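This report describes selected features of one protein model for a reader who is new to structural biology. Please keep the sequence and the structure in view while reading.

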Amino acid sequence: MDKPGLTASLVAGGVAGVSVDLILFPLDTIKTRLQSPQGFNKAGGFRGIYAGVPSAAIGSFPNAAAFFLTYEYVKWFLHTDSASCFVPVKHMLAASAGEVVACLIRVPSEVVKQRAQVSASSRTFQIFSNILYEEGIQGLYRGYKSTVLREIPFSLIQFPLWEYLKALWSWRQDHVVDSWQSAVCGAFAGGFAAAVTTPLDVAKTRIMLAKAGSSTASGNVLSALHGVWQSQGLAGLFAGVFPRMAAISLGGFIFLGAYDQTYSLLLEVGRKSL
């Protein structure tokens with residue numbers, strides 16, 4: 001993969017990440033509070049809907065940039081013929097690798113953000129400082145395993161489906177999809193993946209919000225899922241599914257559409273400057 005392509009992936013991913021995270025932050029706050037063990041109203045209800053936004057703003061560019069840089073590089077590295085039956089496998093492996101790398105940046109940002117979302121009276125930097133003081137660096141990475149276990153299945157569904165829908169649409173109209181068409185494919189793929197992986201998202205939220213030293217805070221995903229099932233049943237496992245689907249469908253539209261548009265624009269600028 002040439003240098004302009006790598007640079008374009010890095011910048012386009014960062015721009016797409018910042019765009020979607022800031023636009024959809026209120027929906028993410030509502031989803032987090034619905035999944036909180038203390039309940040929606042006690043977690044803040046509709047008050048302070050932008051609590052935790054500084055953490056999201058700081059983490060979104062490097063997080064998304066790292067994902068797409070890894071995703072595009074692994075796709076290039078595992079290059080296969082477009083007609084090959086291994087194309088979906090290539091997209092799955094690329095998306096999984098991207099998530100593992102991106103979560104190194106995403107998880108600390110997510111931990112701080114979610115705690116700010118359920119305690120809107122506390123400042124983001126204060127929450128960050130408290131985590132470091134009480135739990136150390138390990139506290140910032142609480143929920144890393146559960147986040148990766150949520151993101152990999154999500155990406156295994158979303159990205160091959162996105163790539164397949166784009167290829168199908170391109171074939172039907174006999175030319176490569178436009179950015180808005182890529183965005184529509186992203187919305188459908190994201191919404192479907194979001195619904196299927198909601199229980200893993202609930203487990204991740206419970207682990208990140210659990211009190212330090214509690215059994216849930218240990219990061220055992222199956223234990224967290226079992227606890228939710230025992231206390232709230234199926235409804236608990238799918239808590240926040242509709243705002244999650246709405247946010248990720250809209251997010252898929254903005255994120256993947258913005259990525260394709262910015263990536264194409266940067267490659268065009270790179271070609272003209274040569």
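A residue is called buried when its relative accessible area is under 20%, exposed when that area is over 50%, and partly exposed in between. L209, at 17% relative accessibility, therefore counts as buried. The model discussed here is a predicted one.

**L209 and its surroundings**

L209 has its place in helix 9. When neighbours within four places in sequence are left aside, L209 is in contact with S36, P37, Q114, R115, V118 and R142. One of these partners, R142, is 67 residues away from L209 in sequence, yet the two C-alpha atoms are 9.4 Å apart in space.

**Two helices and their spans**

How far apart are the end C-alpha atoms of helix 10? Helix 10 comprises residues 221-237, which makes 17 residues, but its end C-alpha atoms are only 12 Å apart. A straight helix, at 1.5 Å a residue, would reach 24 Å. Helix 10 also bends by about 105° at S231.

S231 itself lies in helix 10. With a relative accessible area of 53%, S231 is exposed, because the cut-off for that class is over 50%. The C-alpha atom of S231 is separated by 13 Å from that of S36, although the two residues are 195 residues apart along the chain. Other parts of helix 10 are covered: V221, A224, L225, V228, G233, G236 and L237 are buried. The cover over these buried residues includes helix 7 (144-173) and helix 9 (198-209).

Helix 3 provides a second case. Its 25 residues should span 36 Å at 1.5 Å a residue, and the end C-alpha atoms are indeed 36 Å apart, so the two values agree. Helix 3 nevertheless bends by about 40° at S60, and a proline, P62, follows within four residues. T70 also has its place in helix 3. At 16% relative accessibility, T70 counts as buried. Residues up to four places away in sequence not being counted, T70 touches A97, G98 and V101.

**Aromatic rings**

In the whole structure, a search finds 17 aromatic pairs. One of them is formed by Y73 and W76; this pair is tilted, with 5.4 Å from centre to centre and 45° between the planes. Both residues lie in helix 3 (residues 53-77), three residues apart, which is about one turn of the helix. An α-helix has 3.6 residues a turn, so residues three or four places apart point the same way. Y73 is partly exposed, with a relative accessible area of 38%, and W76 is likewise partly exposed, at 45%.

Ring pairs also link F67, F68, Y71, F159, W162, F255, Y259 and Y263 into a cluster. One member of this cluster, W162, has a charged partner: the charged end of K166 sits over the ring of W162, 3.7 Å from its centre.

**Loop residues and cysteines**

D174 is found in the loop between helix 7 and helix 8 (179-196). Although D174 is not a glycine, its phi is positive, at about 65°. D174 is exposed, with a relative accessible area of 71%.

Y141 belongs to another loop, the one between helix 6 (137-140) and helix 7. At 32% relative accessibility, Y141 counts as partly exposed. Apart from residues up to four places away in sequence, which are not counted, Y141 touches C103, L104, V107 and P108. Y141 and A195 are 54 residues apart in sequence, and their C-alpha atoms are 25 Å apart in space.

C103, one of the residues touched by Y141, is buried at 0% relative accessibility. C185 is buried as well, at 4%. How many disulfides are there? A disulfide requires two cysteine sulfur atoms within 2.5 Å of each other, and by this rule the count comes to zero.

**Accessibility in brief**

The table collects the accessibility of some residues discussed above.

| Residue | Relative accessible area | Class |
|---|---|---|
| C103 | 0% | buried |
| C185 | 4% | buried |
| T70 | 16% | buried |
| L209 | 17% | buried |
| Y141 | 32% | partly exposed |
| Y73 | 38% | partly exposed |
| W76 | 45% | partly exposed |
| S231 | 53% | exposed |
| D174 | 71% | exposed |

Notes:
Residues numbered from 1 in each chain as written. Predicted model: local features only at pLDDT ≥ 70, side-chain atom pairs only at ≥ 80, totals over all residues. Heavy atoms only, no water. Buried < 20%, exposed > 50% of the residue type's maximum accessible area, 1.4 Å probe, protein only. Helix = DSSP H or I, 4+ residues; strand = E, 2+ residues; numbered from the N terminus. Expected span 1.5 Å × (residues − 1). Bend = angle between axes of the 7 residues up to and from the residue. Contact = heavy atoms within 4.5 Å. Phe/Tyr/Trp six-rings, centres within 6.5 Å; stacked < 30°, edge-to-face > 60°. Lys NZ or Arg CZ within 6 Å of the ring centre and 35° of its normal.
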